[in-house]
Structure formats: C-alpha cells, structure tokens
Amino acid sequence: MTKLDLDANLHGTVEMPGDKSISHRAIIFSSIGEGTAIVENCLLSGDVLATIDAFKSMGVNIQINGKNVIIDGVGLYGLKEPSKPIDCGNSGTTCRLLTGLLSMQSFKSILVGDASLSVRPMKRVTLPLKQMGAKINTSTNGTLPIEILPSELYKTPINYKLEIPSAQIFTSLLLASLYCNDASNIHCDNNFRDHTQRFFKFLNIPLSHNNHTYTTQPIKNFTNRDLKVPGDFSSASFFIVLGVLASDKGIIIKNVNLNPTRDALIGMLKKMGADITINHSSDSSYCEPVADILCKKSALKGTEFSFPETAIAIDEIPILAIACAFAEGVSIINNIAELRVKES
C-alpha cells in the first residue's frame, strides 16, 4: 500500500467535457443525415477535431460555436471525394468508423494517421468489410495507410460473428450495412459500448436485436436531430479516483454519462470499499443515463477483477491501477490484453 500525501480537505465540484465516443458519433451521423443538427457540449479534443476535419474535407459544412457544433448533413449519398488523404491523427475511432462508412462510397479515399495510430491493427475491421464487397488496401501487416477504392453499385449484406468485443468494429460494420442491398446480421455478445445502438434508436434508423444478433436494414435517408453530449466518463474517472483517495468532504462530478457499458469502474471501486454515491440520475436527449457522482475518501481493499468488467473498463484500467496501488493488500486485474493495442 502506497501513502498519499494530499490535503484530505480537498473537495469541490467539477463538470466534465463532452463524452468523446458520443461526440465522434454525433459528428458522423449528423454529417450523413439530412438537415441541420446542433451538437451541444461536443468534445473538441484532437481526436474529435480529426473527425470534424475529415467530414469537412468531404464537403460537409460544419461550424464550431463555443462548445456547440452545427452540422449541415448531406445525406447518406452526399459525401464527396476528398482532395487529399484524410488524416485521422491519433484517433482509432475516426479511422475505424470512417473505414466502414467510406468502404461503401462511390469515390476513392485514403486514411492516414500519426506514428502511433499507424501501428495499430486494422485487419479486424477491413477483413469483414471486404466480405461486404469493399475494396480496401492496407500495408502488408494490415496497418495504415488504408486505401479505399470505389464500391460497386450493389453491396453484399454481411452475416458476421464479431470475435473481438469492439464497439469500433461493430459500428464500422453497421455504418457499412446501411448501404447494402439487403439486411445484414452481426452476431456478438454485448461486452462493448452501446452508443451506436442508442444513436440508431434516437435517429429512427432500423436496428433490431434478438438474443446475440443485431439486424440492420438498408435505408435511403434519415433525419438529423439536435442533441446534448453528456460529460465524459473516462475523463471523470480521474476525479472519481482522486475523491476516493484524498477527499474527506468529497468531490462532486456533474452531468456524467453513466451508460452501463461505460461505468464499470464505479462498481470495481465499490468492490474495493469506495464511498461513491450517484445522485440526480436522468436521461440526456437521446436515452443516455446521466448523473452527478459524489466520491469520498475511502479505505480501499485489494481486490481481483476479471472479464467482463475489465473489458468494459478497459480505458480506465490505468487509473484503476493507481487506486489499487493505494489499497490495502494485493489487487489482480485479469483479461486486459487489449491494452497492448490501445493508446492507453
């Protein structure tokens, strides 16, 4: 157990920037929807700006006004060929989701990224897309750059078992399936974030779910809607752990997205004995649970964690490890091999 030399009176209230995963999807869906969408409290980090710049390069009018982003959607078939390669920067979400969307377009596109993104695995998304008729070229080891050639008029629906529990792969395939000539089926366990499914429901895009199978139908268009992005849970996780380790009076984190496919860290910390209270639970404008979180200094006990909670909390494992360092006794965190290929 490590000692923490901080003032135990540390306390206060903080509010997180917009959720990154939701911000990405809000930009993507609003760009290919019809009509204007206002995305409030959009995270304007480097990753999300990469997604914004990508769609600007394909002819989408996007304006940034403070924390709000105004998007004039061009429809499913309104994107235009970019004049140069699309730079995804360090954003795996931008790269993998765009790979699915662009694989069904009638123009050529190339995706590149920084040195770190350029060594991350992309075959996990390009291989199933090729089963749908996508024409994709990558480097010899399956990494960036990705060259996507124009697709055929009729795209093949997919019947695919998702072996890797990844929201990025799942979303990439769902985006591509919107352009197919018949229904697609994706078989998977629900051990990943469900923000995309919530967007489908919010925008009235057909998506049915039966046991472990999601079925999509091809569509011609959908209408945009305004939305407010709740606070980012991954950003909040640092303040949650800080409060649990160092605040007698407590730290309150406001307006945090508590999607059950994102908030496993709270349950893991509670297993260690953390004093965490959830207050004022409500829903944002498209069915994401939102709440204020009160975290107080606690005597943590070493605990063992395993799948599926470690899969859900994969981005928060590094900050969980900090909490474990200050716990009494040994902690064991199992099933986290995915960290080897994640930026975290």
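Pro308 sits in the loop that runs between strand 17 (304-305) and helix 9 (309-312), and the bond leading into this proline is a good place to start. In this predicted model, the peptide bond from Phe307 to Pro308 is cis, with omega near 10°. A cis peptide bond also joins Leu144 and Pro145, here with omega at about 0°. Pro145 is likewise a loop residue, placed between strand 7 (135-137) and strand 8. As background, most peptide bonds are trans, and most residues other than glycine have a negative phi.

That second point brings up a pair of asparagines. Asn204 has a phi near 60°, a positive value in a residue other than glycine. Asn335 has a positive phi of about 60° too, although it is not a glycine. As for where they sit, Asn204 is found in the loop between helix 6 and strand 11 (207-210), while Asn335 lies in the segment after strand 18 (332-333). Asn204 counts as exposed because its relative accessibility is 66%, over the 50% cut-off. Asn335, at 48%, falls between the 20% and 50% limits and so counts as partly exposed.

Asn204 follows helix 6, and that helix is a rather different environment from the exposed asparagine. Seven of the eight residues of helix 6 (residues 195-202) are buried, so the helix is largely enclosed by the rest of the structure. The buried set takes in three phenylalanines, Phe199, Phe200 and Phe202, along with His195, Thr196, Gln197 and Arg198.Zooming out, the protein has 10 helices and 18 strands. Its radius of gyration is 21 Å, close to the 20 Å that the globule rule gives for 344 residues, so the protein is as compact as a globular protein of that length. Along the principal axes, the C-alpha atoms fill a box of roughly 65 × 40 × 40 Å. Buried residues account for 52% of the 344 residues. Of the contacts with a separation of 6 or more, 77% are between residues 24 or more positions apart.

On the outside, the accessible surface comes to about 14600 Å², and carbon and sulfur atoms own 51% of that. As for charge, there are 32 positive and 33 negative side chains, with the centres of the two sets 2 Å apart.

Two residues give a feel for how sequence separation and spatial distance play out. Ile148 belongs to strand 8 (residues 146-149), and with a relative accessibility of 0% it counts as buried. Leaving aside residues up to four places away in sequence, Ile148 touches Thr99, Leu102, Ser103, Phe107, Lys108, Ser109, Leu111, Lys135 and Ile136. Ile38 is not on that list: Ile148 and Ile38 are 110 residues apart in sequence, and their C-alpha atoms are 30 Å apart in space.

Ser235, in helix 7 (residues 233-246), makes the other case. A relative accessible area of 25% puts Ser235 just in the partly exposed class, because buried would need a value under 20%. With the same exclusion of residues up to four places away in sequence, the contacts of Ser235 are Met16 and Pro17. Ser235 and Met16 are 219 residues apart in sequence, yet the C-alpha to C-alpha distance is 6.7 Å.

Finally, the cysteines. A search of the whole structure turns up zero disulfides. Cys188 is in no disulfide, and the nearest cysteine sulfur, that of Cys180, is 16 Å away; a pair would have to be within 2.5 Å to count. Cys188 is also buried, at a relative accessible area of 2%. Cys295 is in no disulfide either, its nearest cysteine sulfur being that of Cys324, 16 Å away. Cys295 has a relative accessible area of 0%, so it counts as buried.

Methods:
Residues numbered from 1 in each chain as written. Predicted model: local features only at pLDDT ≥ 70, side-chain atom pairs only at ≥ 80, totals over all residues. Heavy atoms only, no water. Helix = DSSP H or I, 4+ residues; strand = E, 2+ residues; numbered from the N terminus. Rg over C-alpha atoms; globule rule 2.2 N^0.38 Å. Buried < 20%, exposed > 50% of the residue type's maximum accessible area, 1.4 Å probe, protein only. Contact = heavy atoms within 4.5 Å. Areas by Shrake-Rupley, 256 points an atom, 1.4 Å probe, with all protein chains shown as cover. Lys, Arg positive; Asp, Glu negative; His and termini not counted. Charge placed at Lys NZ, Arg CZ, Asp CG, Glu CD.
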